[in-house]
Amino acid sequence: MNADHSGRGEAREEGGAARHPLATSRETTGARTGGEPILEVRDLVKHYPLTQGIVIKKQIGAVKAVDGVSFDLAAGETLGIVGESGCGKSTVARLLVHLEEPTAGAIRYKGEDITKLSGRALKAVRRNIQMVFQDPYTSLNPRMTVGDIIGEPYEIHPEVAPKGERRRKVQDLLDVVGLNPEYINRYPHQFSGGQRQRIGIARGLALNPEIIVADEPVSALDVSVQAQVVNLLDRLQSEFSLSYVFIAHDLSIVRHISDRVGVMYLGRFAEIGTDEEIYEHPTHPYTQALLSAVPLPDPMAREYRERIILHGDVPSPANPPSGCRFRTRCWKAQERCELEVPLLAVPAVFRLTDTPARHDSACHFAEEKRVVPPEGTLEPVRGESGPGPDVEKVHKEDRRPPSPEPPGGDEEPPPAGSSRVG
Ligand SMILES: Nc1ncnc2c1ncn2[C@@H]1O[C@H](COP(=O)(O)OP(=O)(O)OP(=O)(O)O)[C@@H](O)[C@H]1O
C-alpha cells in the first residue's frame with residue numbers, strides 16, 4: 001500500500017473535491033459496467049420464522065425480509081441498493097457476507113455458489129467479501145485500540161499478515177484511509193464520526209478483499225462528512241480494484257457513487273438500471289415517488305419539481321400484498337396488479353425501443369416519467385395524463401439543500417470531552 005497520504009490533509013482534499021450528491025455521477029468505464037460478474041445473486045430469499053408459544057414453539061408465519069432478489073455485480077462496479085427502512089437491504093448485505101444463511105437462492109462468487117460452501121472453502125471466500133457497517137459509533141468496540149480493531153481480522157486469517165507484520169500493516173491501512181498512523185494506540189472515542197467510519201473502512205480492507213458490502217456507511221454522519229467518506233470509498237475503489245455493493249436509503253448519495261442502482265420494495269427489486277436510467281428515466285412508480293423526495297440544490301428546479309405523496313404505510317413483510325407488492329400505495333394499480341406478480345424485466349412497451357427507459361422494471365404499467373428536472377433546465381415537470389398521484393409543488397422553504405462542504409473543510413467536531421486526533 002502506498003503511503004503518500006497525510007492524515008487530515010487527505011480528509012480535507014476529499015471533502016474539498018466533493019460535489020453535490022445530485023451532480024451527475026462520475027463517468028463509468030466499460031470495466032465498471034460491462035465486465036464479467038464477480039458476484040451473481042439469484043432468487044435470494046430470507047424468511048424469518050414467526051413463532052408462537054414459549055415451551056413448544058409453533059411457526060405461525062414468516063417475515064419475508066428478502067423474497068426473490070437477483071442481480072449481478074461486475075468486477076470494479078458499484079451497485080447501489082436503495083429503499084425505505086425495512087425493505088430488506090441490510091438482510092441482503094448480511095446474506096452476501098454470510099453473516100446469515102439464506103432460506104433459498106444462490107450467491108455465486110466467481111461462479112461458485114458460496115451458500116453451499118462450509119469449512120475452509122467458505123473461510124477462503126469470506127475473506128474476499130467484507131462489510132463496512134452503518135454506525136461508526138456502535139460498530140467499533142470502545143475497549144479496543146484502533147490497532148486491535150483494524151488488525152482483528154488477522155486473528156482469523158493469520159496467513160494475510162504474520163504477527164510480526166501486523167502493526168506495520170495496520171499503520172499502512174490507517175494511512176490509506178487518511179488517518180495518522182501514529183494514532184494506532186488510541187481508542188474509538190478519541191475520534192470523530194467520520195474518522196471512526198474511516199477506521200471501519202480500514203478494518204474492511206485489512207484482508208485485501210475484492211468486494212466490499214457497505215451497509216449505509218454514511219447514514220449516521222453529518223452531510224459534509226458524508227461527502228468525504230464517499231469520496232474516500234471512490235478513491236479506494238480505484239486504488240484497490242474493489243467492487244462495491246453500496247446500501248443506502250438516500251437516493252442522492254447512491255447516485256454519487258453507483259454505476260447501477262437497484263430500488264428495493266418489500267423484499268424485492270422494483271427497478272434496476274444504470275444511474276442515468278434510474279434517475280433520469282425511471283419507469284416504476286415507486287422509484288418515481290422516491291426520486292420526488294430527493295433534495296435538489298437548485299432553487300428553481302425545486303420550484304418546478306413535482307412531489308409525489310405516497311399514501312399509507314409500507315405493508316408488513318409478514319403479510320405482503322398479492323401480485324405487485326407496491327399496489328396498495330400505487331396510483332396506477334388495477335386488477336391485474338392484484339392478480340399477477342410483475343416480473344423484473346424490460347417492460348413490453350420499451351422492448352423494441354432504444355431509449356434509456358429500456359431497463360428492468362417490475363411494473364405492469366411501467367411508464368417513463370422524469371421526476372427530477374434535468375440539470376440546467378427550468379421547465380416544469382408535468383403530470384401524466386389519466387389518474388395521477390397526489391402531486392404538489394415543493395416550495396423553497398420546504399427543503400433546504402444540504403450544507404455545502406466548506407473549502408478546506410474539516411470533519412465535525414469530536415465528541416465533547418475527547419481529544420481530537422487524526
Ligand atoms: N433477525 C430477524 N428476525 C426477524 N425479522 C427480522 C430479522 N432481521 C430483519 N428482520 C425483518 O426483516 C425486514 C427487513 O429488515 P432489514 O433490516 O433487512 O431492512 P432494511 O431495509 O435494511 O431496513 P433499515 O434501513 O431500517 O435497516 C424487517 O421487517 C425486519 O423487521
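Two strands count as paired here if DSSP finds at least two bridges between them. That rule is needed at several stops of this tour, which goes through a predicted model.

**The whole chain**

Begin with everything shown as a cartoon. The protein has 422 residues, and buried residues make up 43% of them. Its secondary structure comes to 15 helices and 13 strands. Among the contacts with a separation of 6 or more, 71% are between residues 24 or more positions apart.

Next, select residues 39–291. An unreviewed UniProt entry places the feature "domain: ABC transporter" on this span. The span is 35% helix and 28% strand, and its end C-alpha atoms are 28 Å apart.

**The four-stranded sheet**

Select strand S1, residues 37–52, together with S2. The two pair in the antiparallel sense over 13 bridges. To see one of these pairings, pick Tyr-48, whose bridge partner in S2 is Val-63.

Now widen the selection to the open sheet of four strands, ordered S2-S1-S4-S5 with antiparallel pairing. Which strands stand at the edges? They are S2 (58–74) and S5 (112–113); each has a single partner strand, so one side of each is left without a neighbour in the sheet.

Add helix H3, residues 89–96, which packs on this sheet. H3 touches S1, S2 and strand S4 (104–109), and its direction makes about 70° with that of S2.

Two residues in this region have backbone angles to look at. The first stop is Asp-43, in strand S1. Phi of Asp-43 is near 45°, a positive value in a residue other than glycine. Asp-43 counts as exposed because it has 12 C-beta neighbours inside 10 Å, and the cut-off for exposed is 12 or fewer.

The other is His-98, in the loop between H3 and S4. His-98 also has a positive phi, near 65°, and is not a glycine. Is His-98 buried or partly exposed? With 18 other C-beta atoms within 10 Å, His-98 is partly exposed, since a buried residue needs 20 or more.

**Around the ligand**

Select the ligand and the 13 residues around it. Tyr-48, Ala-65, Ser-85, Ser-90 and Thr-91 come nearest. Tyr-48 is the residue already seen paired with Val-63 in S2.

Which element gives the most to this shell? H3 does, with three residues. S2 and H3 each supply at least two residues. Coloured by type, the shell divides into five nonpolar, seven polar and one charged.

**The seven-stranded sheet**

Move to strand S3, residues 78–82, where five of the five residues are buried. Both faces of S3 are covered. Thr-78, Gly-80 and Val-82 are buried on one side, and Leu-79 and Ile-81 are buried on the other.

Show the strands that pair with S3. Strand S8, residues 243–248, runs parallel to S3 and is joined to it by five bridges. Val-82 has Ala-248 as its bridge partner in S8. Strand S9, residues 260–265, also runs parallel to S3, with four bridges between them. In S9, Gly-262 stands opposite Ile-81.

S3, S8 and S9 belong to an open sheet of seven strands with mixed pairing, in the order S6-S7-S8-S3-S9-S10-S12. Its edge strands are S6 (129–132) and S12 (360–361), each pairing on one side only.

Add helix H8, residues 193–205, which packs on this sheet. H8 touches S6 and S7, and its direction makes about 170° with that of S6. Strand S7, residues 211–215, runs parallel to S8, with five bridges joining the two. Asp-215 has Ile-247 as its bridge partner in S8.

**Last stop: Glu-84**

Finish at Glu-84, in the loop between S3 and H3. Glu-84 counts as partly exposed because it has 16 C-beta neighbours inside 10 Å.

Which residues does Glu-84 touch, leaving out those up to four places away in sequence? They are His-249 and Val-314. Draw a distance line from Glu-84 to Val-314: their C-alpha atoms are separated by 8.6 Å, although the residues are 230 apart along the chain.

Note on methods. Residues are numbered from 1 along each chain as its sequence is written. This is a predicted model: local features need pLDDT of at least 70, side-chain atom pairs count only at pLDDT 80 or more; totals for chains, interfaces and linings use all residues. UniProt positions are given in the numbering used here, feature names are shortened, and annotations may be inferred rather than shown by experiment. Two residues are in contact if their C-beta atoms, placed from the backbone, lie within 7 Å. Axes are lines fitted to C-alpha atoms, for helices over the stretch in contact, and angles run from 0 to 180 degrees between N-to-C directions. A residue is near a molecule or strand if its C-beta atom, placed from the backbone, lies within 6 Å of it. Ala, Val, Leu, Ile, Met, Phe, Trp, Tyr, Cys and Pro count as nonpolar, Asp, Glu, Lys and Arg as charged, and the others, Gly among them, as polar.
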